Amino acid sequence: MVTIFVICNTLLIIGGIILNLIPLSDDLHVYFALRFIHEYFPNHKTCLIILLKASIFPVIPHMLVVHAYQILYYTQHSNFQIQLFNKVIAEVDFWETPLRETELFYSKPYQKGIEKKLKFCIQRLQVLINAYIVKTKEIGTLIALFAICGVLMGIGFSLYLFSGKFTPEYYLRLTFMTLVAVTTFSSIIWGGQSTETIITEMITALCQVRWYNFSQTNKKLYLILLTNMMKDRKIKFTENYSINYQLGLAVLSDRQFAMFIFAALFFLIIFYLYHQNVKLNRILCTFPEPPKKFLLGHVLDITSTTDVLNVFSKYINNYGPTIKLRAATLFAGLGTTDYKLCELLLSNNRILSKSLNYQYARNWLGNGLLISDGDYWRRHRKILTPAFHFEILKQFVETFESVGKVFVEKLDISQGPSVDLPPLVTLCTLDVICETAMGTQINAQKGQNAKYVQSVREMCRILIDRGLSPLKILNNTYWMTKDYYIEKKSLKVLHSFTSSVIEKRKAERNERNCTKLAFLDLLLKFSNEGELLTDQELREEVDTFMFEGHDTTASSISFVLFCLANHPEVQEKVLREQNELFGDDKDPSVTYHELQKMKYLEQVIKETLRLYPAVPIIGRCTSEDITFGEHFIPKDTNIAIYIYGIHRNPEHFPEPETFNPDRFKNSNSLPPYAYIPFSAGPRNCIGQKFAMLEIKSIVSRVVRCFELRPAEPYHSLVLSAETVLKSANGIKIGIRKRI
Ligand code: HEM
């Protein structure tokens, strides 16, 4: 039984080491020792952290059990000797020198002989019994201490568990730790219990031996037993400190062996990674590479979404417009702000594949337009493009306006010196996209369909979390995290909602002729006329619109309002333009043509999208070898196109950090790929005109109704590159109704 516990314990320790080595964002708060290393050994921190984390799991339980096993071994070993001894004794003729009763009563020398033998035996027996009493006490104390430790650890773990501060990865680590503790304690307690039984048996056996028949054979056996049992097998340093070297080694050999195998595996993996590292050094070697961590590459440089833009900008400023980046020793890719390289990539009709991180959205969006590639994408893009024709977009203006009205009502209720925009704007754009994409009103702004809205939110969050959390990156480990189950639940809600809407629209189309068609109706119409889209393909495209078409516009509207609030002179000009169009009419029914006439507002939106592009980074994977100047980029290279950085190139945008809508008075002088908020080339944003109209409709309505001011207290943004650009501390402005 003890062996089974030891084997489980060793396997759990190995699992624990692996989990512990995967860095998590909160590690610095959890392991105080890591802070110490960061502070005092910044140059060797990677190496030291690996050593520290790799040793915590094996060393602690190892230290805990060594002493316990020595005691166990001592008693078990003695027990074995005594059993052997008893067996031999049973075969010995005890009555070889039978007790001579008469002489025992009358002969003094005979009595003396027996007394001497008995005294000797009693003394030896006493020594043995004392030794066992000591050992039993030791094991008793040990078990009591272990029990106290166990209870303390249990309380500690429970506090962690209920603190609710940890991510599921920490809970997984804790589970392993708990199991290691449980198996360690159980093995010792189990061993301790059996030792006590053994000791009792041994003493009983010893007591039964008739030592007064101290024949030569018995004497010899007795001496062998004593020598074996009593011999100290210690390397002695002082009287108090000694290592019971042989016993320890013998008992722990199983564990040592397992540890050895693990160490060998560990070094093999390190060697493999090192080899991969050397291989990756050769690829893309003509591009500059920011300093990387041994074996880890640049993964630890970005640990949260708020790091992305700063770290990327630092790289680009220090090392040039295109840099090589590495995710551990497994992948090497490029990050670029070079508009010429962007042109080469984005205008190429054969480089259509998206980079690896888009795959996280596959469970939700399937083969929708955003993720698919090759001929499948070409066919679908061809089918979907007519749905974004301006004649069709015209009819959506009515929806923008009616949803905008509700939005303004909501702002009216929330107005004040500091209003956080994204929560309100996101519900508004969700209402717009649901009505335009599916022809269904979900009334998110009025608090209806909360489950659907919540599921969309959860999915957007999970897509980002998966790229940053080591356990969630790979599908093989993703299932161990809580998000896997949240995703499953959310997808069920999202997919069943879209599927039921499709079914309903299909039935309605057959019954009546709708005048206001949603994207879904158009897809049904086009696919009836030409190539048929299956129900699943329809669902995936509608889901893609839902994903691409609400967070992007919500982010853009929020940033536009923020910029207007913080630049009163620009807001004044926007208001003037509105007054010129609508005069004193406070609640005009705005048409498509009037939206087209809002030229200055368009400049403001363009400038906002330059500073705060809703999609700050996009990715491509090269499907063929490319030569770019002196550089060679092999097939299957992942390239991150850093739109946020491209838009801050002082060559094209002097004083890039300044908000100046007049830059776009005449933007024709810009090189074609120097400004790409909607990407460019064959895979550009299919919904860009739709987005522009929606933003104009909502923002113009807000400006007509409210005076926007900087938030009080002043609010500075903490930009965060999530599925779209957000601000980690919200986007806050002051809002006051115009009189
Ligand atoms: C301000 C708002 C928006 C911005 C900044 C924006 C930006 C972008 C960008 C940069 C891409 C390229 C993504 C890539 O290459 O990986 C894209 C693609 C796409 N966008 Fe938008 N978008 C916006 C609004 C919309 C809306 C409202 C819709 C739908 C109604 C939409 C639908 C799509 C689709 C379907 C794609 C994939 C196109 C393809 O790969 O063929 N977008 N968008």
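Begin by selecting Phe-545, which counts as buried because its relative accessibility is 8%, buried meaning under 20% relative accessible area, with a 1.4 Å probe and protein chains only. The model is predicted, so local features need pLDDT of at least 70 and side-chain atom pairs count only at pLDDT 80 or more, while totals for chains, interfaces and linings use all residues. Residues are numbered from 1 along each chain as its sequence is written, and side-chain values use heavy atoms, with hydrogens and water left out.

Next, add Phe-388, which forms an edge-to-face aromatic pair with Phe-545, at 5.4 Å centre to centre and 80 degrees between the planes; rings of Phe, Tyr and Trp (its six-membered ring) pair if their centres lie within 6.5 Å, and planes under 30 degrees apart count as stacked, over 60 as edge-to-face and the rest as tilted. Phe-388 lies in the loop between α13 (374–384) and α14 (390–394) and Phe-545 in helix α22 (residues 535–548), so this pair ties together parts 157 residues apart in sequence; helices are DSSP runs (H or I, at least four residues), numbered from the N terminus.

Then select Phe-519, whose ring makes a tilted pair with Phe-545, 4.9 Å centre to centre and 50 degrees between the planes. Phe-519 counts as buried, at 1% relative accessibility. Now widen the selection to Phe-388, Phe-396, Phe-400, Phe-519, Phe-545 and Phe-690, which ring pairs link into a cluster.

Finally, move to Tyr-478, where Arg-466 lies over the face of the ring at 3.7 Å from its centre, a charge sitting over a ring if NZ of Lys or CZ of Arg is within 6 Å of the ring centre and within 35 degrees of the ring normal.

Key:
Helices (H or I, at least four residues) and strands (E, at least two) are DSSP runs, numbered from the N terminus. Buried means under 20% relative accessible area, exposed over 50%, partly exposed in between (1.4 Å probe, protein chains only).
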